[in-house]
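Here are my notes from a pass through this one, as numbered points. Have the coordinates open while you read.

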Amino acid sequence: MDLDVFVSAHRGEWDRLDALLRRQRRLTGAEADELVVLYQRTATHLSLIQSAAPDPQLTGRLSQLVGRARSAVAGARRASWRDVTRFLSHSFPAAVYRSRHWWVPTALLSTAVAALLGWWIGTHPEVQASIAAPSELRELTRPGGQYETYYSSHPAASFAAQVWTNNAWAAALCLILGVFLGLPVLWILFQNMLNLGVGFGLMSSAGRLDTFLGLVLPHGLLELTAVFVAAGTGLRLGWTVIDPGPRTRRAALAAEGRAALAMAIGLALVLFVSGAIEGFVTPSGLPTWARITIGVVAELAFLAYVYVLGGRAARAGETGDLEAFERSADVPTAA
């Protein structure tokens with residue numbers, strides 16, 4: 001594309017669109033129709049320039065012009081309860097369902113790593129000695145020790161809020177840092193599995209593995225699933241940088257990034273539930289079987305939510321991205 005020739009051919013249309021947008025009075029019917037046509041043409045021009053001959057100054061000018069025209073044509077759109085309902089019943093579960101081929105293997109491999117670390121720590125006293133002094137280990141694992149009192153060390157409401165904040169931040173980091181080829185996500189995952197493996201190994205070596213599982217499983221099933229979903233989505237985003245598929249890398253990252261942002265909001269709600277369980281159920285006086293049952297029910301409810309509602313929405317074409325009219329149009333590119 002000869003950019004100078006292209007600009008000379010279409011500058012008049014852009015200037016006319018700008019003049020219509022600056023009108024203070026109400027547009028006539030003919031002017032409104034002209035505005036719509038010029039908006040569509042200018043949006044196409046912008047996509048062509050971005051694909052064939054990107055020029056930062058011209059792209060910036062046309063992007064601003066197209067944005068103003070879109071607002072004038074479509075009007076300001078306000079969020080409503082319908083959007084919230086659609087997000088919870090379609091967009092979020094569909095996005096989680098679509099990324100299942102990433103987060104399910106992530107969950108299985110991470111759990112295996114945590115189990116191996118726990119076995120290694122629990123069966124090797126020299127490894128335990130490198131973690132802490134024997135007296136400190138006894139204080140951690142004894143009945144009424146730090147592992148047990150941790151969950152009741154603060155008032156339930158403040159503890160649940162603290163747990164939710166920490167877990168939501170970890171999930172957000174997985175989603176955001178995935179763009180760096182997924183490498184930071186692997187590190188965050190390893191740190192989480194290492195912490196889980198250390199507790200598993202130390203409590204099993206003290207003969208109190210049942211107590212440890214009774215404390216972790218009620219909230220840990222749902223909490224770890226949310227972390228695995230975030231990590232899998234982050235890894236998927238990182239792979240998009242490497243292999244964007246038939247789309248341009250920019251378009252692929254934009255689509256996956258928007259879905260990841262929506263995922264962060266949905267996972268914050270999931271982690272709120274797990275934080276409430278950790279703050280109110282885990283340290284409660286309920287029998288171990290009752291606490292674990294609550295955790296299992298919460299986990300099964302989330303999986304049913306993803307695979308039933310999310311699967312149905314995904315098969316209907318839902319991707320978790322913005323609706324078509326809210327996205328910028330892309331011009332097809334040759335392979």
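1. Start with F302, which is buried in this predicted model. Its relative accessible area is 6%, and it gets that label because buried means under 20%. The residue sits in helix α13, which covers residues 288-315.

2. Now look at Y305, also in α13 and 3 residues away from F302, about one turn of the helix. Buried or partly exposed? It comes out at 21% relative accessibility, so with buried set at under 20% it counts as partly exposed. I'd keep that cut-off in mind when reading the label for Y305.

3. F302 and Y305 make an aromatic pair, with ring centres 6.4 Å apart and 40° between the planes. The pair is classed as tilted, because that angle falls between the 30 and 60 degrees that bound the stacked and edge-to-face classes. Across the whole structure the search turns up 6 aromatic pairs. F302 and Y305 also belong to one aromatic cluster together with F87 and F92.

4. What does the largest nonpolar core look like around F302? The core has 35 residues, and F302 is among those touching the most other members, along with F92, V96, M263 and L267. So F92 and F302 turn up both in the aromatic cluster and in that list of core residues, where buried is a condition of membership. Helices α4, α5 (100-123), α9, α10, α11, α12 and α13 each supply at least two residues of the core, and α11 has the largest share, with 9. As background, nonpolar side chains in soluble globular proteins tend to be buried together.

5. Next, helix α4, residues 81-98, where T85 lies. T85 is partly exposed, because its relative accessible area of 49% is not over the 50% needed for exposed. If you want a ruler across the model, T85 and L173 are 26 Å apart, C-alpha to C-alpha, with their positions 88 residues apart in sequence. A separate contact to check is R100 with Y97: the charged end of R100 sits over the ring of Y97, 3.9 Å from the ring centre.

6. On enclosed space, how many cavities of 30 Å³ or more are there? The count is 1, and the largest cavity holds about 50 Å³. Its lining consists of A95, R98, T233, R236, E256, A259, A260 and M263. Helices α4, α11 and α12 (249-281) each give two or more of these residues, with α12 giving the most, 4. By class, the lining splits into 4 nonpolar, 1 polar and 3 charged residues. M263 is one to note, being part of this lining and also among the core residues that touch the most other members.

7. Last, the second largest pocket, with a volume of about 740 Å³. It is lined by 24 residues, and Y150, Y151, N195, E223 and E278 are the closest to its centre. Elements giving two or more lining residues are α8 (146-149), α9 (156-177), α10 (183-205) and α11 (209-242). Helix α11 again supplies the largest share, here 8 residues, as it does for the core. The class breakdown for this pocket is 13 nonpolar, 9 polar and 2 charged residues.

Methods: Residues are numbered from 1 along each chain as its sequence is written. This is a predicted model: local features need pLDDT of at least 70, side-chain atom pairs count only at pLDDT 80 or more; totals for chains, interfaces and linings use all residues. Side-chain values use heavy atoms; hydrogens and water are left out. On a 1 Å grid over the protein atoms alone, a cavity is a set of points where a 1.4 Å probe fits but cannot get out, and a pocket is an open set with protein on both sides within 12 Å along at least five of seven lines; lining residues have an atom within 4 Å of a point. Grid points are joined across faces, edges and corners, and a volume is the space filled by probe spheres set on the points. Ala, Val, Leu, Ile, Met, Phe, Trp, Tyr, Cys and Pro count as nonpolar, Asp, Glu, Lys and Arg as charged, and the others, Gly among them, as polar. Buried means under 20% relative accessible area, exposed over 50%, partly exposed in between (1.4 Å probe, protein chains only). Rings of Phe, Tyr and Trp (its six-membered ring) pair if their centres lie within 6.5 Å; planes under 30 degrees apart count as stacked, over 60 as edge-to-face and the rest as tilted. A charge sits over a ring if NZ of Lys or CZ of Arg is within 6 Å of the ring centre and within 35 degrees of the ring normal. A nonpolar core is a set of buried Ala, Val, Leu, Ile, Met, Phe, Trp, Tyr and Cys residues joined through side-chain atoms within 4.5 Å.
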